[in-house]
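Me: I should like to learn how to read strand order, burial and charge pairing from a set of coordinates. Could you take me through an example?

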Amino acid sequence: MITLRRADDRFHTQIGWLDSHHTFSFADHYDPRHMGFRSLRVINDDTVKPANGFGTHSHRDMEIVTVVLDGVLQHQDSTGGGGLIRPGEVQRMTAGSGVRHSEMNPSPKEAVRFLQIWILPESAGLEPSYEQKSFPLEGRKNRLQLLASPDAKDGAVRIHQDAALYGTVLEKGAVDFALKPGRHAWVQVAKGNVQLNGQELHAGDGAAVSDERSLRLEGDGEVLLFDLA
């Protein structure tokens, strides 16, 4: 079964410096029908204007994964982690017992667009930590590349949950993914237009997948695929 969550049906926050679309309930936007999917709790599609951003604030007991789509994002946190995040790079921050961080657009001219993803951790009170790795977009061309997993296999960033995140950049291509029995998937289209098992998906669309043995993605676009318990 594939259940679509269309881009236009997402929650929307627009203030002076931020344009954000929320796939699931977030902040002042609440709908009990859209509180996440399995351990996936938040997918925010954020566009931040130049020289603006999220000032220092706190989180706890969440695995936060950031994927930059356009521009540059500057991260700083209380674990000592920090630096610039660009397209092709993935950041993982374990908020655990508590962390303070900021996410800013350092460019004086260009906006930054990124996906902020929250995954519920396997347990509360983990030690906060930070990790950032490069996964060049060329290496994802018409193939699924593992970006995050609990065992950090194939150089992925480590997340503390039975979940795996894959990324692909389709260029008139196709990829297949086999779902093991009892597993579920979430597909998020970051850019472009693709088909998921024959169903049309466009930028910003998402899809919850259960009771399917295999997934086929084809078309032109940048896509994230979550394999979830």
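Reply: The dialogue below treats the sheets, then a residue in its surroundings, then the salt bridges. Please keep in mind that this is a predicted model.

Me: Let us begin with the four-stranded sheet. In what order do the four strands lie, and is the pairing parallel or antiparallel?

Reply: One reads a sheet by following each strand to its partners. Here the order is E5-E10-E7-E8, the sheet is open, and the pairing is antiparallel. The edges are held by strand E5 (53-59) and strand E8 (82-85); each has a single partner strand, so one side of each lacks a neighbour in the sheet. From one strand to the next, the twist averages 15°.

Me: How many bridges pair strand E7 with strand E10, and which residue of E10 is the bridge partner of Asp77?

Reply: Four bridges join E7 (residues 73-77) to E10 (residues 99-104) in the antiparallel sense. Asp77 has His101 as its bridge partner in E10.

Me: What is the strand order in the seven-stranded sheet, and which strands stand at its edges?

Reply: The same procedure applies. This open sheet runs E2-E3-E4-E11-E6-E9-E12, with antiparallel pairing. Strand E2 (11-14) and strand E12 (129-134) are at the edges; because each has a single partner strand, one side of each is left without a neighbour in the sheet. The twist in this sheet averages 15° from one strand to the next. E12 pairs with strand E9 (residues 89-94) over six bridges in the antiparallel sense, and Ser134 of E12 is the bridge partner of Glu89.

Me: Now a single residue. Is Gln145 buried or exposed, and what is it in contact with beyond its sequence neighbours?

Reply: Burial is judged against a cut-off: buried means under 20% relative accessible area. Gln145, in strand E13 (residues 145-149), has a value of 16% and is therefore buried. Apart from neighbours within four places in sequence, Gln145 is in contact with Phe135, Pro136, Gly139, Arg140, Leu165, Tyr166 and Gly167.

Me: Arg140 appears in that list. With which residue does Arg140 form a salt bridge?

Reply: The general idea is that side chains of opposite charge can pair when their charged atoms come close. The structure holds 13 salt bridges. In one of them, Arg140 meets Glu222 at 4.0 Å, N to O. Glu222 belongs to strand E19 (residues 214-228) and Arg140 to the loop between E12 and E13, so that distant parts of the chain, 82 residues apart, are linked. Glu222 and Arg140 are both buried.

Me: Which residue forms a salt bridge with Lys141, and how accessible is Lys141?

Reply: The partner is Glu171, with the closest N and O atoms 3.2 Å apart. This pair also links distant parts of the chain: Lys141 is in the loop between E12 and E13, Glu171 is in strand E15 (residues 163-178), and 30 residues separate them. Lys141 is partly exposed at 37% relative accessibility, and Glu171 is partly exposed at 41%.

Me: Where do Arg216 and Asp176 lie, and how far apart are their closest N and O atoms?

Reply: Their closest N and O atoms are 2.7 Å apart in a salt bridge. Since Arg216 lies in strand E19 and Asp176 in strand E15, the pair ties together parts 40 residues apart in sequence. Arg216 is partly exposed at 36%, whereas Asp176 is exposed at 52%.

Me: Which residues are joined into one network by salt bridges that share partners?

Reply: Arg10, Asp45 and Arg113 are joined in this way.

Conventions: Residues numbered from 1 in each chain as written. Predicted model: local features only at pLDDT ≥ 70, side-chain atom pairs only at ≥ 80, totals over all residues. Heavy atoms only, no water. Pairing = 2+ DSSP bridges. Helix = DSSP H or I, 4+ residues; strand = E, 2+ residues; numbered from the N terminus. Axes fitted to C-alpha atoms, helices over the stretch in contact; angles between N-to-C directions. Buried < 20%, exposed > 50% of the residue type's maximum accessible area, 1.4 Å probe, protein only. Contact = heavy atoms within 4.5 Å. Salt bridge = Lys/Arg side-chain N within 4 Å of Asp/Glu carboxyl O.
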